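Here's a small set of exercises to work through with the coordinates open. Try each task yourself before you read the solution.

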Amino acid sequence: MSDIKVTLLTQEEHDKIQSELDYLKTQRRKEVAQSIETARGFGDLSENSEYDEAKNEQGMVENRIAELEAMLLNFKIVEESQHASETITIGTKAEILDIEFDEVMSIKVVGVVGADPLNGKISNESPLGKALIGHEAGEEIVVDAPAGPIRYKILSISK
């Protein structure tokens, strides 16, 4: 069996990754190269903090480019249906109840790129996202968390 990880993306997430990658490869690389050249002009490289900073920035840019290229190497576009669904998939909004704390949460399951937990967008690869995928309103799920299992009830599903 192959251990190649396929990244699930919505079209919007794919376009966002491609746009960032294009920017980094065309514009940001040039800006960093110019910063390095400018810093070289400040003298002795062994004591040149501007040069060190520019080289660190170059490393971060190149790491991000590699990360984005890896995501785009093996991906699958998932269609976000505009019609109501009976099961949770990527693009689905849901109201869920934390049974222990009697707390209702509104979440949307998104691909890895669109995840923003503070704004209710959870990745399909997160423990909660994985547990929700494929389930219907009215069902209870259990999420294995470091502090122990957490039980949720799916109250409603929408797109």
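**Exercise 1: Overall layout**

The protein chain contains 3 helices and 7 strands, and keep in mind that this is a predicted model. Work out in what order the elements run from the N terminus on, and whether the chain is spread out or compact by the globule rule.

*Solution.*
- Step 1: Starting at the N terminus, the elements of the chain read β-α-α-β-β-β-β-α-β-β.
- Step 2: Now for the spread. The globule rule gives 15 Å for 159 residues, while the radius of gyration is 21 Å, well over that, so the chain is more spread out than a compact globule.
- Step 3: Check the box. The C-alpha trace spans about 70 × 35 × 35 Å along its principal axes.

**Exercise 2: Surface, contacts and charge**

Find what share of the residues is buried, and how many positive and negative side chains there are.

*Solution.*
- Step 1: Of the 159 residues, 28% are buried.
- Step 2: The accessible surface is about 10,300 Å², and carbon and sulfur atoms account for 51% of it.
- Step 3: Take the contacts between residues at least 6 apart in sequence; 54% of these join residues at least 24 apart.
- Step 4: Count charges: 17 side chains are positive and 31 are negative, with the centres of the two sets 4 Å apart.

**Exercise 3: Helix α2 and a residue of α1**

Determine how far α2 reaches from its first C-alpha to its last, and which elements its buried residues pack against. Then list what R28 is in contact with.

*Solution.*
- Step 1: Helix α2 covers residues 49-73, which is 25 residues. Its end-to-end C-alpha reach is 36 Å, close to the 36 Å expected at 1.5 Å a residue.
- Step 2: The buried residues of α2 are Y51, A54, V61, I65, L68, M71 and L72.
- Step 3: Those buried residues pack against β1 (7-9), α1 (11-40) and β2 (75-77).
- Step 4: Over in helix α1 sits R28. Beyond its neighbours within four places in sequence, R28 is in contact with Y23, E57 and V61.
- Step 5: For a distance check, the C-alpha atoms of R28 and V110 are separated by 28 Å, with their positions 82 residues apart along the chain.

**Exercise 4: Two residues in strands**

Y152 and V109: is each one buried or exposed? Also find which residues they touch.

*Solution.*
- Step 1: Y152 is in strand β7 (residues 148-158). Its relative accessibility is 9%, under the 20% cut-off, so Y152 counts as buried.
- Step 2: Setting aside neighbours within four places in sequence, Y152 is in contact with I96, L97, D98, I99, M105, L128, E139, E140, I141 and V143.
- Step 3: Y152 and V104 are 48 residues apart in sequence, and their C-alpha atoms are 9.3 Å apart.
- Step 4: V109 belongs to strand β4. At 0% relative accessibility, V109 is buried.
- Step 5: Not counting residues up to four places away in sequence, V109 touches I88, T89, I90, G91, T92, I122, N124, L132 and I133.
- Step 6: One of those contacts is T89; the C-alpha atoms of V109 and T89 are 6.9 Å apart, although the two are 20 residues apart along the chain.

**Exercise 5: A backbone oddity**

Locate D102, and say what the sign of its phi is.

*Solution.*
- Step 1: D102 lies in the loop between β3 (93-98) and β4 (103-110).
- Step 2: Its phi is positive, about 50°, although D102 is not a glycine.
- Step 3: With 62% relative accessibility, over the 50% cut-off, D102 counts as exposed.

Terms used: Residues are numbered from 1 along each chain as its sequence is written. This is a predicted model: local features need pLDDT of at least 70, side-chain atom pairs count only at pLDDT 80 or more; totals for chains, interfaces and linings use all residues. Side-chain values use heavy atoms; hydrogens and water are left out. Helices (H or I, at least four residues) and strands (E, at least two) are DSSP runs, numbered from the N terminus. The expected span of a helix is 1.5 Å times one less than its number of residues. Buried means under 20% relative accessible area, exposed over 50%, partly exposed in between (1.4 Å probe, protein chains only). Contact means heavy atoms within 4.5 Å. The radius of gyration is taken over C-alpha atoms; the globule rule is 2.2 Å times the number of residues to the power 0.38. Accessible areas come from the Shrake-Rupley method with a 1.4 Å probe; for residues, only the protein chains shown count as cover. Lys and Arg count as positive and Asp and Glu as negative; His and the chain ends are not counted. The place of a charge is taken as NZ of Lys, CZ of Arg, CG of Asp or CD of Glu.
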